[in-house]
Amino acid sequence: MKKILVIGATSAIAEQCARIWAGRGDALYLVARNEERLKRIATDLNVRGAAQIESYCMDLNDMQGHAAMLDAAAGAMGGIDTVLIAHGTLSNQKSCEQNVNETLAEIKTNALSTISLLTYIANRFEAKRTGTIAVISSVAGDRGRASNYVYGSAKAMVTTFTSGLRQRLHKFNVTVVTIKPGFVDTPMTASFKKGLLWAKSDTTAAKIVQAIDMCKEEAYIPAFWWLILFLIKFMPNKLFKVMKF
Ligand SMILES: NC(=O)c1ccc[n+]([C@@H]2O[C@H](COP(=O)([O-])OP(=O)(O)OC[C@H]3O[C@@H](n4cnc5c(N)ncnc54)[C@H](OP(=O)(O)O)[C@@H]3O)[C@@H](O)[C@H]2O)c1
């Protein structure tokens with residue numbers, strides 16, 4: 001039985017990951033800001049077989065509260081083996097372009113709050129010389145595009161931060177998994193027209209859990225996004241800047 005902390009537990013992707021872990025009989029500590037949805041998800045996971053379910057309601061942008069939340073999670077489960085960080089918002093690029101405060105708020109939610117959590121968790125796991133930290137970044141962080149560079153740059157910060165953290169914590173037996181989904185059909189992308197490249201939240205979650213089990217360093221989900229991003233990342237700027245995607 002693993003003791004798993006799920007941060008951003010009301011995310012559609014995180015909920016599907018938690019269902020898999022509940023089915024395995026793991027202990028789960030759920031953190032999110034919507035108390036009613038947290039309760040509903042906790043009840044469902046209980047029925048699915050979780051060894052223990054606890055929940056904690058907080059706005060993850062309240063970074064002053066991160067240490068207390070982590071203390072509460074470790075106390076309730078008698079330690080933490082694995083953490084999944086899943087919260088995020090899909091920035092409105094056009095409106096961010098006109099409003100610096102909105103841009104900074106998006107960077108706070110999608111990068112700074114995660115970096116605060118990672119710093120606390122890394123130090124705890126380093127001290128006990130074990131643990132797995134998984135963070136949902138995005139393919140959008142691999143190269144800034146005109147259509148979503150506010151969200152993309154926040155995710156780039158998370159990807160780069162976890163890369164450094166992975167190297168730092170390797171000698172302490174701590175695994176850092178950076179998850180890079182492509183397009184996933186969830187409430188975050190409800191308004192988007194879906195097509196061939198789109199994945200479902202349950203299949204995405206199954207691949208995330210598999211990547212965590214396999215202690216993968218970076219996981220493009222589905223894997224074909226690796227090739228797409230390889231082509232995008234290495235496209236010469238002269239060509240990239242006139243592309244419309
Ligand atoms: N869907 C995609 O295509 C896609 C692709 C790549 C990466 N991702 C990443 O995958 C992760 C999960 O997203 P999803 O697709 O599952 O979308 P989702 O269902 O909309 O989940 C996002 C979650 O983040 C929570 N959240 C946002 N700001 C928060 C805050 N300040 N405090 C606490 N919770 C907060 C939301 O809570 P509320 O509901 O209470 O607002 C919601 O539960 C995100 O990091 C996202 O960036 C998604």
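Visitor: Where does S11 lie, in a helix, a strand or a loop?

Guide: Happy to start there, keeping in mind that this is a predicted model. Two elements flank the residue, β1 (3–7) on one side and α1 on the other. S11 therefore falls outside both runs as DSSP assigns them, and its place is the loop between β1 and α1.

Visitor: Which backbone atom lies 3.2 Å from a polar atom of the S11 side chain?

Guide: A polar contact here needs a pair of N or O atoms within 3.5 Å. The S11 side chain has such a partner at 3.2 Å. That partner is the backbone nitrogen of I13.

Visitor: How far apart in space are S11 and S201?

Guide: In sequence, 190 residues separate the two serines. Taken from C-alpha to C-alpha, the distance between S11 and S201 is 9.6 Å.

Visitor: What distance separates the polar side-chain atom of D59 from a nitrogen atom of the ligand?

Guide: Let's look at the ligand's polar partners together. S11 brings a polar side-chain atom to 2.9 Å from a ligand oxygen, and a polar backbone atom of G88 is 3.1 Å from an oxygen of the ligand. For D59 and the ligand nitrogen, the value is 2.8 Å.

Visitor: How much of the ligand's area does the protein bury?

Guide: Taken alone, the ligand exposes 880 Å². Its site is the largest pocket. Of the area exposed by the ligand alone, the protein buries 91%.

Visitor: Which helices each supply at least two residues of the shell around the ligand?

Guide: The ligand has 28 residues around it, and T10, R33, Y151, V184 and T186 come nearest. By type, the shell divides into 12 nonpolar, 12 polar and four charged residues. The helices that each give at least two shell residues are α1 (12–23) and α6 (149–169).

Visitor: Which residue does a cis peptide bond join to I221?

Guide: Omega of this bond is about -15 degrees. The partner lies in the loop between β9 (218–221) and α8 (224–233). The residue joined to I221 is P222.

Visitor: What is phi of N173, and where does the residue lie?

Guide: N173 lies in the loop between α6 and β6 (174–181). Its phi is positive although the residue is not glycine. The value is near 65 degrees.

Visitor: Why can the protein be called as compact as a globular protein of its length?

Guide: The secondary structure comes to nine helices and nine strands. For 245 residues the globule rule gives 18 Å, and the protein is as compact as a globular protein of that length because its radius of gyration is close to that, at 18 Å.

Key. Residues are numbered from 1 along each chain as its sequence is written. This is a predicted model: local features need pLDDT of at least 70, side-chain atom pairs count only at pLDDT 80 or more; totals for chains, interfaces and linings use all residues. Side-chain values use heavy atoms; hydrogens and water are left out. A residue is near a molecule or strand if one of its heavy atoms lies within 4 Å of it. A polar contact is a pair of N or O atoms within 3.5 Å; within protein, one must be able to donate a hydrogen and the other to accept it, and residues adjacent in sequence count only if both atoms are side-chain atoms. Accessible areas come from the Shrake-Rupley method with a 1.4 Å probe; for residues, only the protein chains shown count as cover. On a 1 Å grid over the protein atoms alone, a cavity is a set of points where a 1.4 Å probe fits but cannot get out, and a pocket is an open set with protein on both sides within 12 Å along at least five of seven lines; lining residues have an atom within 4 Å of a point. A molecule sits in a cavity or pocket if more than half of its atoms lie within 2 Å of its grid points. Helices (H or I, at least four residues) and strands (E, at least two) are DSSP runs, numbered from the N terminus. Ala, Val, Leu, Ile, Met, Phe, Trp, Tyr, Cys and Pro count as nonpolar, Asp, Glu, Lys and Arg as charged, and the others, Gly among them, as polar. The radius of gyration is taken over C-alpha atoms; the globule rule is 2.2 Å times the number of residues to the power 0.38.
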